[in-house]
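Student: I should like to learn how a helix is read in a protein model. May we work through a case together?

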Amino acid sequence: MTSIAHRSALRGPADGGVAARRAVVRWAWRLFRREWRQQILVIALLTVAVAAAVCGTTIAFNSGPLDYSEFGSANALLELDAADPRKLEASLAAAEERFGTTHVIGHRSLPVPGGVDTMEFRAQDPRGPYAPLALRRGSYPEGPSQVAVTDGVGTLLGLEVGKTLALDGRRRTVVGIVENPRELSDEFALVSPSSAGAPDTVTLLVDADREAVRTFMEAQGDQSALVGSQLRGSYRPAPELAMFSVATVFLLLASLVATAGFAVVAQRRLRQLGMLAAIGATEKHLRLVLLTNGAVVGAIGALIGTVAGLALWVTVAPTLEPALDYRLDRLSLPWALLGLTVVVAVLCATAAAWWPGRAVARVPVTRALSARPPRPKPAHHSAIVAVVLMVVGLGALVLSDRSIRPLIIAGILATILGTLLLGPLAIRLVARAAGHAPIAVRLALRDLARYQARSGAALAAITLALGIAATVVIIAAAEEKQSAGEPPNLSNRQIRVYTGATHGPESVAIQTPGQLERMAGRVRQLAANLDDATVIALHNAYQQSEQPRPEGGLRVLRTEVLVREVENPESSPGGAFICAPPPSGCYRYESRLYVATPALLRYLGIDPAAVDPSTDFLIDKSVRTDELATVRFETATRARGESKLTGRAVTNVQRIDSRKLFGSPKGETGMAPTSFITPDGLRRRGWRQIPSGWLVESSRPLT
């Protein structure tokens, strides 16, 4: 029963003011405390949705690409060649004077007895300022007779704490197990810098911007041990808008189903609401009862769901670390997104209670006291709007031709909204057509039509779920159609590893022998995890007169590619071009050019002995060789800062039947099948070769 204070508050001027609303909220809270067991299902549904949203958002936030595994907290990485100790010491001293705090890491590759793999001896301060290492067991090495290893090295060599390692000719006792928390697959043996011996290469971490690094490298000149630099990219987690959108979809689905639950609650409270209306409550007060109930249910579901989601995140984080290849910080949480998720959960639950509250508030008092459900209202207007939306949506999907994204998104949204508005009418038509159905089916369909509010909400949730699935399928089909006309860059069994990221298919990053050896070791580790994988080392040709140039913090060489002269690049089909002022003209890149090493020829299915010694180029039969050329820069004009290009005809060609895919920088797909130059042709043209990467091909499609 409503108290006398509540009754007097409801009978105040206008709609009762703040006192009346406060009284209604208190009454709604008491009703919830008395009937909370009847709403456990709705609370559980919201709890699951919030827990999934919180855990999923946190996982996505921490699963972004980690681009600072080698940088640690530094902004720049300098590579130094340790071949000349005097140059190395001078460069390290100059860097310390210029940048202040530095972190020096020495790398040395040693062969593993009885195998083809190499192992890295790393000399660094494990507690360094920029890239500290994590200690898993034991202690860090302190003296010349101590070493610490990663778990992978320990497994490979059968080492444990207390055993001895003597790869470099010096017996060292294993005193600890360490790891690089930013790259768990980084395997090495850690020694103290004072006892490491002469390194192959040195990595220097500094806190400097692009301009400071460029100025320092220019000031060092040719007498420096510096061979390259890299700048740390801006680390960005997964897009916050996308993560929040996924969480909102979860909660929207839950709120649509919760609407049906709140409709049941409203029906059960119909007599109580009728009595409240009989003593003077307005429609706003009656709606406030249901809205308060929805807000309370949403708050409880959001609170329990947030706690459950965070507990789930802490539970699954250890299983994610091996796949992500770095340690996860359990307290690295998107606090702003989690707060928004809680707010959206409460708002969605409140909004889900609004429609049942609106319907119940309009029930006449006498009908409410008799606890009869409200009569379904005609749905002609909503049906007309629904039909218009569905026609517009389907028309947009047809006109999009599965390739125009704006039309696809608009068509899907209009179709889903139209289906939602068409739900009540569809339920009513199906119920009317159930006259000749079996008694059980007839009773079920008529019950759906009688309680149309809850039925329509459930149908809306199902429609939205199916609409999301259809959206994913249609957009995926559109992406597939857009890329169907482009030649593939790699097959589904191949991985291409480059010596460095360059701006075009003609550039190759220069690496020191030590750096190449470390990269080759990681490529072999990658191939060992695949099914019977083949590893092919790739080399490109370049002119002896070609000089290295800086590009993106690396030193690169312009290598040879096959080109075709064009008069007007704008009128030519896609691809990359190289142009110079007249009379040089413009050339379009036609095909990448690799050195036909014996291993590469065998991979192509060609017997090296079957290649004519007079052959310079091996070109696929599908490539037109007329007007095919290589481009040469005039040395004299380049010295004066000018650009003059001359083309040299491609001769001594042997046609081959091979369409092997080798990939290219930036996924370039506008080029013809790869061509090759033989070692004899390399010698006759006076060119040299440079390692450009590796091709890894598995016997099965990659997942």
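Tutor: We shall discuss one helix and then one loop residue. The model is predicted, so local features need pLDDT of at least 70 and side-chain atom pairs count only at pLDDT 80 or more, while totals for chains, interfaces and linings use all residues. Residues are numbered from 1 along each chain as its sequence is written, and side-chain values use heavy atoms, with hydrogens and water left out.

Student: Which residues of α4 are buried?

Tutor: Helices are DSSP runs of H or I with at least four residues, strands are runs of E with at least two, and both are numbered from the N terminus. Buried means under 20% relative accessible area, exposed over 50%, and partly exposed in between, with a 1.4 Å probe and protein chains only. In α4, Leu88, Ser91, Leu92, Ala95 and Phe99 are buried.

Student: Why do they line one face of the helix?

Tutor: An α-helix has 3.6 residues a turn, so residues three or four places apart point the same way. The buried residues of α4 fall within an arc of 100 degrees (taken from the directions from the helix axis to the C-beta atoms), so they line one face. On the other side, Arg86, Glu89 and Glu97 are exposed.

Student: Where does Pro199 lie, and what does Pro199 touch?

Tutor: Pro199 is in the loop between β8 (189–191) and β9 (201–206). Contact means heavy atoms within 4.5 Å. Leaving aside residues up to four places away in sequence, Pro199 touches Ala82, Gly106, His107 and Arg108. Pro199 counts as partly exposed because its relative accessibility is 24%.
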